[in-house]
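Visitor: Could you take me on a close look at a single part of this protein? I'd like to see what one stretch of the annotated domain is made of and what sits around it.

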Amino acid sequence: MRARTPHPRNTYVLYLIPGALAFLAVIVVPLAMNLYYSFTSWQGVGTPTWTGLDNYRALMKDSQFWASFRHSLSMVLAMAVIPTAVGLVLAAALFDFVARHFGTRLASVLRACFYLPQVLPITVAGIVWSWILAPDNGSLNDLLKSVGLRSLQQDWLGDPKFALYSVMAVMVWVQLGFPVVIFMAGLQRIDPALQEAAELDGASWWRRFWHVTLPQLRPEIHVVMLWCTIAALKVFGAVYVLTKGGPADATNVPSYFSFATFFEKTQVGYGSAIATVMTLIILALAVVGLRFQTRAEEAQ
C-alpha cells in the first residue's frame, strides 16, 4: 500500500514553528512578565509583593513621568513631523530637479548620503555627536569661534536650556533619510502625465508639488508619520548615549525613565508600569493610524 503524501498546506506549518517559538520567547513571555511585575513591588531579588494598581496610581501623579512624556512629544516633532516635511521637499527636489538635470546616478548618491545616518548604529552616531557638541573642544564651538561667533558658544548637552534642542537636532539628522527614501520610491509610481499636464497648464514647481505630488503620496506620508512617531515615542539609544536623561532631567523620556527606574533605582514594579503604559500608548497609536490609513485609502 502506497504511503500517503502529506498535504502541502500541512507542511507549511512546520516552517512557522521556529518563528512562532522565537516570537513567544522574545515578545510574548517578556511582555507577560513585564505586565505581571507592573502590579507588584519588587527590587529584583526575593519574592515580588502584589500591590495591584498602586504603581499605576503613583505613575499618574508622578510629575517626572509627565515631564518625560512631554519630552517624548518634542521627540515626535524632531523625528516625525520635521523629517516628514523636509523629506518631502528633498525627495521631490532630488526626483524632479537633480535626476532630471544631473542624472539619476547623482540623485541616487545623494539619497544614499541622506540615508547613511539610518545605517549607522545609534551608539556610534551618538558618540560622534557628543564630540561635535562638546563644550571645550567640540567641533561646533570651535567653528563658531573661528568665524567670530564666540558669543554663541554653549554647553550644548550640559545646559538644561539647550540639551533637549540639541538632542532633537541630532534626531532630525538621524531620521531624515528614511522619509527621503520612502518618498522617492513613492514618486516613481506617480504617472508622469499628471506632472506634464500641470506643467503645460503653466503650473510652477511648487504648485505641481502641492496639488499633484502631495495628494499622490498620501499612503507614503501615512506610513512615514506612523513609523517615525512610534520610533520617537520609544527612543532610547540617543538619549542614553548623549545625555543619560540629563542635565536635571531636561532630556528624560519615558523609555529612559523606565530603564533608570528599573535598573538604577531597582524599582522593578514601577519601571514595568512605565513600560506598560508606553506600550499601550504605542499600540493604540498604531491601531488608530492603521484604521485612519485604511479609511483614507477606501475613500480615495
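Guide: Sure. Let's start with the record: an unreviewed UniProt entry gives residues 69–289 the annotation "domain: ABC transmembrane type-1". Keep in mind that what you're looking at is a predicted model. Over that domain span the chain is 76% helix and 0% strand, with its end C-alpha atoms 20 Å apart.

The same entry type also marks pieces as "transmembrane region": UniProt (unreviewed entry) puts that feature at residues 12–33, 75–97, 109–132, 162–185, 223–242 and 268–290. The part to zoom in on is 75–97. In the model this piece is 100% helix and 0% strand, and 31 Å separates its end C-alpha atoms. For another of the marked pieces, take 223–242: there the chain is 85% helix and 0% strand, and the end C-alpha atoms lie 28 Å apart.

Now go to Met75. Leaving out residues up to four places away in sequence, Met75 touches Ala80, Leu164, Val167, Met168, Met171, Ala232, Val235, Val239 and Val253. Met75 also belongs to the largest nonpolar core, a set of 61 residues, where Phe65, Met75, Leu88 and Met171 touch the most other members. The biggest contribution to this core, 13 residues, comes from α3.

Further along there's Leu90, which is in helix α3 (residues 63–102). Is Leu90 buried or partly exposed? Leu90 counts as partly exposed because its relative accessibility is 24%, and buried would mean under 20%. Beyond its neighbours within four places in sequence, Leu90 contacts Phe114, Leu176 and Val180. Its C-alpha atom is 9.1 Å from that of Arg111, a residue 21 places away along the chain.

While you're here, have a look at the largest pocket too, with a volume of about 350 Å³. It has 17 lining residues, and Pro254, Ser255, Ser258, Ala275 and Thr279 are the closest to its centre. Elements giving two or more residues to that lining are α1 (8–37), α13 (254–264) and α14 (268–299). Of these, α14 supplies the largest share, seven residues. By type, the lining of the largest pocket splits into ten nonpolar residues, six polar and one charged.

Conventions
Residues numbered from 1 in each chain as written. Predicted model: local features only at pLDDT ≥ 70, side-chain atom pairs only at ≥ 80, totals over all residues. Heavy atoms only, no water. 1 Å grid on protein atoms, 1.4 Å probe; cavity = no way out; pocket = protein on both sides within 12 Å on 5 of 7 lines; lining within 4 Å. Points joined across faces, edges and corners; volume = space filled by probe spheres on them. Helix = DSSP H or I, 4+ residues; strand = E, 2+ residues; numbered from the N terminus. Nonpolar A, V, L, I, M, F, W, Y, C, P; charged D, E, K, R; others polar. Buried < 20%, exposed > 50% of the residue type's maximum accessible area, 1.4 Å probe, protein only. Contact = heavy atoms within 4.5 Å. UniProt positions renumbered as here; feature names shortened; annotations may be inferred. Core = buried A, V, L, I, M, F, W, Y, C linked by side-chain atoms within 4.5 Å.
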